[in-house]
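Hi,

Here is the structure I promised to pass on. Have a look at it first, and my notes on what turned up follow below.

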Amino acid sequence: MSHIDVKAAEAFLTRHPVDTVDLLIPDLNGVLRGKRIHRDALTKVYQEGICLPGSVFAASITGDTVEATGLGFDEGDADRCCWPISGTLKPVPWEDNRRGQVFMAMYELDGTPFFADPRQVLRRVTGRFEELGLTPVVALELEFYLIRRERAANGAPQPPLSPVTGEPERSTQVYGMTELDDYREFLDSLARTASEQELPTDAAISEYAPGQYEINLKHEPDAESACDHALQLKRLIKAVAREHGMEATFMAKPYPGLTGNGMHLHVSLVNDSGENVFASEEPLANPLLGHAAAGLAATMAQWMALFAPNVTPFRRFQPDSYVPLAPTYGYNNRTLALRVPSGHAPARRIEHRVAGADANPFLLMAAVLAGMHHGLTRQLPAPEPVTGNAYATVAPGLPLNWLDALRLFEHSSLAREYFGERFCAAYLANKDQERRTFEEQVTALEYAWYLRTV
């Protein structure tokens, strides 16, 4: 780490009377893992790094080591070195300002990037844009549900109790202002805490289901930082919800029959002069925009295993749900997978609307940028724009179940080219074990339908 980073850590400790600092590293699922250290050890971490086993990236969603990744017993659960990420050392306001947090990246002991760290996968992709003299400008939107702490008898979530009426939330009031007013104390706490952590949050809106909200992050010219901010925001939302007697979930489909939680990604590209290379007065006339969209459409099915990383996100993919079923493209149309929003020419961008809110932001970002790079460098022709209701006019063209998505990813030569062969193998091993374990379970509905009937 640089001398400047060490000085920044020392200055942080002077400004903030923290007792401990969380060293955070997001695994393949985007789950935050790491260590908690005393404040006196922070400067040493910046000077020498810390050791963590590579099996951090072999952890399943339940926290077990997936041995098929080769990162467990096969290598003796070997350590690697992790270093703090510049600019991510922040106070944790929900802990009475007695704790800090900082994100980490993993490296081999010889200093080379560790292949299974999603952050390093993203850096591998963004490096290709540096070679083109282009910088992605990105923004993430995250949807989530507020839920009661108490579960239903079957373990299902329950909508929160209204802070105003005390009754369970039942109404669906998309963009409703009353819903924002009713949860003003929670949203005000969220905004205040985000400000204390210097999170670039933008708008908050009420979404399509009871207790569902969306928080937008502002555009920024640093894809890696945007992913850090997304994970920082998720942690913050969950903590503030707990402080207000609720929980928050980013599970992609917590309720049957209600809308799911998505994570939309907006991307434009600027050149070395700071100009948006997608800009044009006619929204779909820009050839570079068309090439980028073509690459996204061409790779979307192959990389669905990154956009939908477990069984639950696939429950989002239903007709007339504002979740795309095909790699469609067009202007100002929320039934599409690739939407070019309306607005002024300098703000021209592509909105990628496929991923669930439970996707790993680093892998979502890497996949979207890799798709755009593929289309740009091969100058693929722009997809045919779709107008009107895409559900009525375009047949489903994406893998809509987990097994098909994993097999497409497994056979994708482009995935290996952009993300690395070893990463792809580790990711597949991790997710295949999760899928097999899930499919071995017998549900209560199966007992109800089949136990006595067949």
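**Cysteines**

The disulfide count for this structure comes to zero. Keep in mind as you read that the model is a predicted one.

Two of the cysteines show how that plays out. For Cys-82, the closest cysteine sulfur belongs to Cys-81 and sits 6.6 Å away, which is too far for a bond, because a disulfide needs the two sulfurs within 2.5 Å. Cys-424 is in no disulfide either: its nearest cysteine sulfur is the one in Cys-227, at 17 Å. Are these two buried or exposed? Cys-82 has a relative accessible area of 0%, so it counts as buried. Cys-424 comes out at 4% relative accessibility, and this is under the 20% cut-off, so Cys-424 is buried as well.

**Pockets**

Next, the open spaces. The largest pocket holds about 900 Å³ of space. It has 37 lining residues, and those closest to the centre are Val-31, Ile-61, Lys-238, Met-251 and Asp-358. Which helices and strands supply at least two residues each to this lining? Among them are helix H6 (223-243), strand E10 (247-249) and helix H13 (421-439). Sorted by class, the lining of the largest pocket has 17 nonpolar residues, along with 10 polar and 10 charged ones.

The second largest pocket has about 650 Å³ of space. Its lining is made of 18 residues, and Asn-154, Ala-156, Met-251, Pro-254 and Arg-315 lie nearest the centre. Here the classes come to nine nonpolar, five polar and four charged residues. If you are colouring residues, Met-251 is worth marking: it is listed among the residues closest to the centre of the largest pocket, and it is also on the list for the second largest pocket.

**Cavities**

There are closed spaces too. Searching the whole structure gives two cavities of 30 Å³ or more. The second largest cavity has about 50 Å³ of space. Which residues line the second largest cavity? They are Leu-325, Ala-326, Thr-328, Thr-335, Ala-390, Tyr-391 and Val-394. Five of the residues in this lining are nonpolar and two are polar, with no charged residues.

**Two residues to look at**

Start with Asn-310, which you will find in the loop between helix H8 (304-307) and strand E12 (329-331). Its relative accessible area is 16%, so Asn-310 counts as buried, the cut-off being under 20%. What does the side chain of Asn-310 pair up with? One of its polar atoms lies 2.9 Å from the backbone nitrogen of Thr-312. The side chain also makes a polar contact of 3.0 Å with the side chain of Asp-358, a residue that appears above among those closest to the centre of the largest pocket. Setting aside residues up to four places away in sequence, Asn-310 touches Asp-358, Trp-402 and Glu-434.

The other one is His-374, in helix H9 (residues 361-377). With 9% relative accessibility, His-374 is buried. What is around it? Not counting neighbours within four places in sequence, His-374 is in contact with Gly-295, Ala-298, Thr-299, Leu-380, Leu-414 and Tyr-418.

That is what I have for now. Happy browsing!

How values were computed. Residues numbered from 1 in each chain as written. Predicted model: local features only at pLDDT ≥ 70, side-chain atom pairs only at ≥ 80, totals over all residues. Heavy atoms only, no water. 1 Å grid on protein atoms, 1.4 Å probe; cavity = no way out; pocket = protein on both sides within 12 Å on 5 of 7 lines; lining within 4 Å. Points joined across faces, edges and corners; volume = space filled by probe spheres on them. Helix = DSSP H or I, 4+ residues; strand = E, 2+ residues; numbered from the N terminus. Nonpolar A, V, L, I, M, F, W, Y, C, P; charged D, E, K, R; others polar. Buried < 20%, exposed > 50% of the residue type's maximum accessible area, 1.4 Å probe, protein only. Polar contact = N/O pair within 3.5 Å; in protein donor to acceptor, adjacent residues only side chain to side chain. Contact = heavy atoms within 4.5 Å.
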